[in-house]
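Student: Hi! Could you walk me through this one while I have it open?

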Amino acid sequence: MDKGMSLASRLGEAGISRRAFLKYCGMLAASLGLPTAAGRTLAEALDAAPRQSVIWLSFQECTGCTESLTRAHAPTLESLIFDHVSLDYHHTLQAAAGEAAERARHEAMERHAGEYLVLVDGSIPVRDGGVYSTIAGVTNLQMLQETARDAAALVAIGSCAAFGGLPMADPNPTGAAPVGDLVRGKPLINLPGCPPIPASITGVLAHYLAYGRLPELDHLGRPKAFFGESIHDRCYRRPFYDQGLFARGFDDEGARKGWCLYLLGCKGPTTHNACAVTKWNDGTSFPIEAGHPCLGCSEPRFWDAGGFYRALSAPTGEPAPVAVAGLAVGAVAGAAAGFRHRRTRAAANAARPTVELGRDATGNEEERS
Amino acid sequence: MNRPENASSAVEALLCEVRVALRRLAEAAEPTTIDLGPLPLSPAEFTALERALGEGEVTARLDALGTTSVRETAVPGVWWVTHDGCAGRVAGPQLEVARWPALLETPAETLRSGLASLDALLDASQERPTPMN
């Protein structure tokens, strides 16, 4: 494939018309929270964008994040962007193996020094010298440090890479840590979720390709376009919450009528993600639409936050029968729930054994527990 | 799926937003797209919005990355744009407030290739030998 070709030319060769490309850019701009007119400028910028070198590192992970992106339904919109990057290393996907695979990574690092993007899925074990996960005889920590050194930016894909995820859950036997704890001095964007929404991955890639920088982030390093609002605020069941109408079991009248799942443990009020907007499985639905509470998988320490089926907090009394009273109950319960949930997560954080490293990613590090 | 009954406030709010956008189009020729996908509208509210805006004279279909349907509403300058197929999961239905929806316009970049293909067609027909009487 000609690496000098523009994205539009490449798409044209694949039988995708200019109008289809403009349509895609318009939708991409909308998903990134950009104004209407940005679709055209995004198209022009992507047209001119060189093919981006990407090195994808997979550490303590389940491959769900890669599956999320690559096994979307065909023809995939995600593939429009994903096919435009030069995926120089991804040991799950690439044909090369062993020494040839590692050689490909080193060649990409040399050829595109200072320009390549590093995508990471999975957390990094650092206890006992990082022996709990190695690739080609190299610990994950060493590989991350080596690859991050000359990267333009890093993207932590999935909750494990962004916040530690399941491997870091109490008692964290491998000393798992997220990318942000180990790499400093480099632009880093967190795309949490278990797995993350494919559109958020391609949206961030497209933004970087078009504008040469990462999009606006929240206090946890997540792009505001996809993580700016809570699941609760965008949930189609929200009107039931406001009216105090809750399911109290998975097979009761409330569940059958599609009422709010708050009392069944839904973490929607304290979880920021785009599931309720973008949805899953080719836009079919999302967990709450399938009748299951949100687990809060895009928030830090969600595994240790007190149980998936435990309500954030129970309302102090029976919901009032009228909407106005229900709204007041809901608002108070929501505020109290948010506070208590944050406190639970903070307690989980305080209780876990810490694993600290002496220096940043560019130096040799030693664990001090 | 059952929904709460008092759902009209969201529809009224959207209609107010459409009115502001239409005024902007009329006075400053500035188009607006209102993306309904992220809004938690119930099917009843969506139907109410469709009913309120009514049906216009123009309907068009675009076959590119799935199907896009364009329908004029009874309010001149207000169009429904809905995506099906793979595009439908990225973008929800939109209300485009414009003289015509941007997707229906021929992209300027394709004019030259259209001209080239027409040139090739006519050149080929001129090179064909004239049938003998």
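Tutor: Happy to, and here is a chat about its chains, sheet, helix and cores. Keep in mind that this is a predicted model.

Student: Let's start with chain A. How many helices and strands does chain A have?

Tutor: Chain A comes to 15 helices and 11 strands. Of its 369 residues, 49% count as buried.

Student: And what share of the chain A contacts join residues at least 24 apart?

Tutor: Taking contacts in chain A between residues at least 6 apart in sequence, 71% join residues at least 24 apart.

Student: Which residues have the most contacts inside the largest nonpolar core?

Tutor: Those are A:V118, A:V120, A:L154 and A:A156, in a core of 93 residues. Helix 2 of chain A, residues 18–31, gives the most to this core, with 9 residues.

Student: Is there a second core, and what does it include?

Tutor: A separate core of 15 residues includes B:V18, B:V78, B:W79 and B:L103. In soluble globular proteins, nonpolar side chains tend to be buried together.

Student: Back to A:A156. What is A:A156 in contact with, leaving aside neighbours within four places in sequence?

Tutor: Its contacts include A:V120, A:A161, A:A162, A:P178 and A:L188. A:N190 and A:L191 are also among them.

Student: Now chain B. What is the strand order in the open sheet of chain B?

Tutor: The 5 strands go 1-5-4-3-2, with antiparallel pairing. Strand 1 (32–35) and strand 2 (59–63) of chain B stand at the edges with a single partner strand each, so one side of each has no neighbour in the sheet. From one strand to the next, the twist averages 20°.

Student: How many bridges join strand 2 of chain B to strand 3 of chain B?

Tutor: There are 5 bridges between these antiparallel strands. One pair to look for is B:R61 with its bridge partner B:S69 in strand 3 of chain B. The hairpin of strands 2 and 3 of chain B has 3 residues between the strands, and B:L65 there takes a positive phi near 55°.

Student: And where is the bridge partner of B:V70?

Tutor: In strand 4 of chain B, at B:V81. Strand 3 (residues 67–72) and strand 4 (residues 78–83) of chain B run antiparallel and are joined by 5 bridges.

Student: Last one: is helix 3 of chain B largely in the open or buried?

Tutor: Largely in the open, because the number of buried residues among its 17 is 0. Helix 3 of chain B covers residues 111–127 and reaches 24 Å from its first C-alpha to its last, close to the 24 Å expected at 1.5 Å a residue.

Conventions
Residues numbered from 1 in each chain as written. Chains lettered and ligands numbered in written order. Predicted model: local features only at pLDDT ≥ 70, side-chain atom pairs only at ≥ 80, totals over all residues. Pairing = 2+ DSSP bridges. Helix = DSSP H or I, 4+ residues; strand = E, 2+ residues; numbered from the N terminus. Axes fitted to C-alpha atoms, helices over the stretch in contact; angles between N-to-C directions. Buried ≥ 20, exposed ≤ 12 C-beta atoms within 10 Å, placed from the backbone. Contact = placed C-beta atoms within 7 Å. Expected span 1.5 Å × (residues − 1). Core = buried A, V, L, I, M, F, W, Y, C linked by C-beta atoms within 7 Å.
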